[in-house]
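Here is a short briefing on one helix, the nonpolar cores and a pocket. Please look over the sequence and the structure first.

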Amino acid sequence: MELLTIKHQDFEMIVECTGFDDIWHKAKNNVGEECLHSAYSWSEGVVSVILSNYIGEEITIENNQHAPAIFFDNVDYPVWVEFKENVKKAQFGSILQSENEKFTFRRHILAGFLNYGNEVGRSEIQLMYEVGTEVRTFVFSFEVLSTKLNYHEHWKAIIEDIEQEYRMLSLDYMRRTFHGFSPAANGDTPEIIWWSVFANEQKKFIKACKNIIDRPRHRLHGKKCYKRADKLTFVPSCIENELAEHRQDNTHLYRVEERVWTNDTLENRFLKFALGKITDKYAILKKRIEAVKNASNVMKEDMQATMATLKHLQRNPFFRNVGNYKGMSQESLVLQKATGYSQIYRTWSLLRRSYSLNDGIYRLQTKDIATLYEIWCFIEVSHIVKEKLHLSDEDIDHRNRMEMNGLFTWDLGKGEHSRILFKKDGIELAELVYNPKSTDRNNGDVGMKDLVVRTVPQKPDIVLQLTKNDLQEGMKMTYLFDAKYRIARKQNGADTPPDDAINQMHRYRDAIYYREHDENALKKEVIGGYILFPGDGDPANVKLSNFYKSIAEVNIGAFPLRPKDPYNRQLLAHFIEQLISTKSQETIVRVIPQKGTFVEIGNRVLIGLVANSGRKGYLQSFKDGSATLYYTGSHFPTTIALQGLHYFMPYFKGEGIRDVYEIMRVRTITSKEVKQTEGEEDADDLRLAFELRYFRKLYANIQPINTGKMINYTFIDTTFDELDKIVILDEGL
């Protein structure tokens, strides 16, 4: 299908697309038809521009007019340019060499194809061709829109949220699309901003320099000189007496001051200074940009020509009599208003200012929308966790940082370099990690501690670990979130994520294991995995979808998440709130066990009296934590079932309980083995012996309990959930 036909005085260009009606309807369903318009503009020489919409209607458009969009992300567009006979050579003029290599010129036809991938924003088709000895350039400008998000609204919201957390993280270089940006009130100006601003200003800057050199502003300057009397055009009063005294001496020289024109002015000194600084900076960045493998020959030639022009201007004889710039004590009206000088001053001011990613006249390239969406999802999850834990900014420990990526752009640190800790009163509640790479090798830089993968490396986008202390001190429950800038289809009024993305979450959960540093045994680590995708739909319809219902059933599913959609965001927020509030015991109980495996979570705890020697309860060195054996009296209550008993808490008479011990083994033991007093009756009676291992401290201090619930004044058979009904908590805790 022919989407675009441009008739030019030198050529005719046609842009095609297969299945464009499906692409249009997909974008219309996700974004809305009213948002699918683009601004078109082009350079001189065009006779007509005709668009064909999704139903084949032809629309003739004018320069700088808004019309239905035809360029979308991840779509192939074959391009054909048929030149007239007088054109001998033609090429595509992208800044990317790989883009130019997609086009070939043969028999007066330049042919190739475009696919913008996940890059959205404003872009250009640039053609460079020769007519005789003249090199001509044609530029056609348009917008590449997203089929999943509203570029004019959602993209801006994503950028604003990212910039608020990580200034200038959104920036990138060597992209096929760009965006408008404008001056900001404060902030730094990184080198990529400097380069982007000067790219827009360099032609005007060079032209202004040439205009000043040809017609400079100069001023009268007093110059001391010595002249004979016959050479004086004016006799100052200060030498009248000297002239009378030497009137007979025609060779006598008189010291006078002459007014001459000079170029050594404040404004010309500033020009010399600004030109030198800009040339030096340009040379440094040019060298770094040329090292980029994908930089096109067209771009390199343009940079070399600009560099040569700047150097040539620096060597102009005009600057030989211009001194060094030492600053300005007051504002100069010449720099602000005079022809040429005002442009130099304007360019210098722009290069020194900070910039904001708002709509403006300057071009700026950003990361592709898929990467931006991934970073934005990480930020959104962090905001939700903070909100549901009821924390302030002071409770958030941002250990994440931006890291330089190659040229002069940044990436968000990965793994341990992107950790966000959520704490309250010094107690860790949760942590969030961006893009850790889990492997069986060294995880020190980009991985996570104690997480290993025995097969191929796994790299989920977002890892949320919630710290729970109800079952085991410092126990971490791991949940994975993966941001996917993709939508499969719409079912029952709600967008659905791609099937392969859901399958990836199954793979993550099965592949990532936990191993304590002092043990070799591997344990399952990931409880659940969830896709975040830019879907739309009424929350009621989302709740009925399979990808949402599967979360409760198998802990694998998806959440639609896009900017300016508080209703579907609330589904994710409510889910994370449930993860935070659910006790670890309940979470583990819900985990589906392997067939044939009996899974029982230890929730029962036996509280036993620890008395002095001679009483019925005995424990060796309990308070120093070294004891591993607790033995009962001769009459252990038959109402206490030993099966399913996992934990023991010693009760110190008159004091209370505090520590939890894990019951490793229960066996019988005779009284002789516990070294009872000789001669005591029933010396060979049997007791129960509990082999114990210290587990953790449940309370900061020893807590008194309600002993009225003790069996035979010795034992309490209860659960961790019921402890609150037995313990008499201190008011200070």
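Contact here means heavy atoms within 4.5 Å. Helices (H or I, at least four residues) and strands (E, at least two) are DSSP runs, numbered from the N terminus. This is a predicted model: local features need pLDDT of at least 70, side-chain atom pairs count only at pLDDT 80 or more, and totals for chains, interfaces and linings use all residues. Residues are numbered from 1 along each chain as its sequence is written, and side-chain values use heavy atoms, without hydrogens and water.

**Helix α1**
- The buried residues of α1 (under 20% relative accessible area, 1.4 Å probe, protein chains only) are F20, I23, W24, A27, N30 and V31.
- They cover an arc of only 135° around the axis (taken from the directions from the axis to the C-beta atoms), which puts them on the same side of α1.
- These buried residues pack against β1 (2-8), β6 (65-68), β7 (77-83) and β27 (494-496).
- G32 follows α1 and has a positive phi, near 110°.

**Nonpolar cores**
- A nonpolar core is a set of buried Ala, Val, Leu, Ile, Met, Phe, Trp, Tyr and Cys residues joined through side-chain atoms within 4.5 Å.
- The largest has 162 residues; F72, Y77, L127, F140 and L532 have the most contacts inside it.
- Helix α4 (residues 191-214) gives the most to this core, with twelve residues.
- A second, separate core of 17 residues includes I607, Y647, V660 and F720.

**Contacts of F72**
- Leaving aside neighbours within four places in sequence, F72 is in contact with residues including F20, I23, W24 and A27.

**Role of α4 in the pocket lining**
- α4 gives the most to the lining of the second largest pocket, with seven residues. On a 1 Å grid over the protein atoms alone, a pocket is an open set of points where a 1.4 Å probe fits, with protein on both sides within 12 Å along at least five of seven lines; lining residues have an atom within 4 Å of a point.

How values were computed: Buried means under 20% relative accessible area, exposed over 50%, partly exposed in between (1.4 Å probe, protein chains only).
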